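Dear colleague,

I am handing over the structure below, and my notes on what was found in it follow directly after. Please read them with the coordinates open beside you.

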Amino acid sequence: TDTADDDDDGTASLRHALTAPLDAQERQRLVAWRRHLHAHPEVSLAERDTADFVAAELAALGYEGVRRLAGTGLVADLRGRGANDDGLLLRADMDALPVGEETGLAFASRRPGVMHACGHDAHMAILLAVAARLRPLASTLPRPVRLCFQPAEETGAGAQAMISEGLLDGPRMGAALGLHVWSGLPVGHVSVRAGATMATVDEFDIDVIGQGGHGALPQQAIDAVLASARIVEALQGLVSRRSDPLDPLVVTVGQVHAGSAFNVIAERAHLNGTARSFSAQLATALPDWIAETASAAAATVGATATTRYNRHAVALCNDLGLADLVAAAAADTDHVDVVDRDLRMMAGEDFATIAAEIPACFFFVGCAPGDGPAWPHHNPRFVVDERALPVGAEVMLASVARLTCAIHHD
């Protein structure tokens, strides 16, 4: 509840200004931003037109000194009246996917083979709406607020590139918030979970070498295809027998390439796949486990296997205090019907790189269409119900209100 001190220093007025529902004009502008961005998608690290559009909109809102980081990333600052305090970072991702759109929307992608099939267009529009509400309040904010439009989330390269160029510095950022629209939840449903929420994302490549030969004379060859089959099967044993069943793990071989003809025993094969985990222990063990398993499985038929391992993203772990704060803010937001603390998934998220550096919270906003199928993310028919857009903006603003005002009184 507001106190006399709140009234004296303007905190109650600030809270009211931040938490008021978006009016009709704000909602109309929010939808217009999203539709423009949806129609003009760009893939990772090629978000040039996207960055130009967002920068122009920020300038029109009154933001000065918008900076470029990591090529196409954008940063805009509100110094507030606590300029020496740690800042609050609000982040949205910018990139689209190399997917041909099949939604039939009037504002569908105008770039063949490229689509906002994950909702990043919605995220940018939501953060622009938050930016619009914050700008007139800049001088009353108790702490600095930084808006971050991040490129290359889908490749896992954007967050680290921006951090390397000073995203979290000058002033130092002390906390971060991010969101994701989610087609697995209905509009009005918000999910925010403390702790591990999204997985470590690893990629492995396995080169298998046998000895080629005639398909009719297998005794004279070492079959790289058979070795690959043994490897694929053996890798599933890591999930079912080597790891703790209470510690989630997924190992998926997504590509197998081998052979040149129906009557030739393949000498070489290539496997490409991903491992997903939450715990630090599993993340540390997996590179050796996969390499050892592949080598041993290939050896059963006389082949050899060499493994290369690459970590694209660490697990996204939400700070307990921030998760509680966002959940409370969401529960007090007019257009939110349900708040749960349950959703976590084996998908990865580049925001995890930020969350590994400073306390952070990443939450999900339901966007399943109310009048049609809820296609999954990365599907060419993926659609965002635009009623989710003001929900995302209002929960973000309510979280900013609670976090900035709470820190002001500490």
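Five strands, namely S5 (173–186), S8 (200–209), S10 (249–258), S12 (268–277) and S13 (304–313), each supply at least two residues of the lining of the largest pocket, and of these it is S12 that gives the most, with 4 residues. Please keep in mind throughout that this is a predicted model. The space in the largest pocket comes to about 540 Å³. Its lining is made up of 26 residues, of which Glu154, Val201, Arg276, Gly348 and His378 are the closest to the centre. Sorted by class, the lining of the largest pocket holds 13 polar, 7 charged and 6 nonpolar residues.

The second largest pocket encloses about 260 Å³ of space. Among the 14 residues that line the second largest pocket, those closest to its centre are Thr19, Ala329, Asp332, Ala398 and Arg402. Here helices contribute: H2 (11–19) and H11 (388–409) each supply at least two residues of the lining of this second largest pocket, and H11 accounts for the largest share, 5 residues. By class, the lining of the second largest pocket has 7 nonpolar, 5 charged and 2 polar residues.

Turning to the strands earlier in the chain, S2 (residues 73–78) is mostly covered, with 5 of its 6 residues buried. S2 is joined to S1 (residues 67–69) by 3 bridges, the two strands running antiparallel, and within this pairing Leu69 stands opposite Gly73 of S2. The hairpin that S1 and S2 form has 3 residues between the strands, and in it Ala70 takes a positive phi near 55°. S2 also pairs with S4 (residues 145–150), again in the antiparallel sense and over 5 bridges, with Val145 in S4 as the bridge partner of Leu78.

Finally, helix H3 (residues 24–39) may be worth a look. H3 has 16 residues and reaches 23 Å from its first C-alpha to its last, which is close to the 22 Å expected at 1.5 Å a residue. At the start of H3, a side-chain oxygen of Asp23 comes to within 3.1 Å of the backbone nitrogen of Gln25. Further along, which residues of H3 are buried? They are Glu26, Leu30, Trp33, Arg34, Leu37, His38 and Ala39, so that the list takes in charged side chains such as Glu26 and Arg34, given that Glu and Arg count as charged.

With best regards

Conventions. Residues numbered from 1 in each chain as written. Predicted model: local features only at pLDDT ≥ 70, side-chain atom pairs only at ≥ 80, totals over all residues. Heavy atoms only, no water. Expected span 1.5 Å × (residues − 1). Buried < 20%, exposed > 50% of the residue type's maximum accessible area, 1.4 Å probe, protein only. Polar contact = N/O pair within 3.5 Å; in protein donor to acceptor, adjacent residues only side chain to side chain. Pairing = 2+ DSSP bridges. 1 Å grid on protein atoms, 1.4 Å probe; cavity = no way out; pocket = protein on both sides within 12 Å on 5 of 7 lines; lining within 4 Å. Points joined across faces, edges and corners; volume = space filled by probe spheres on them.
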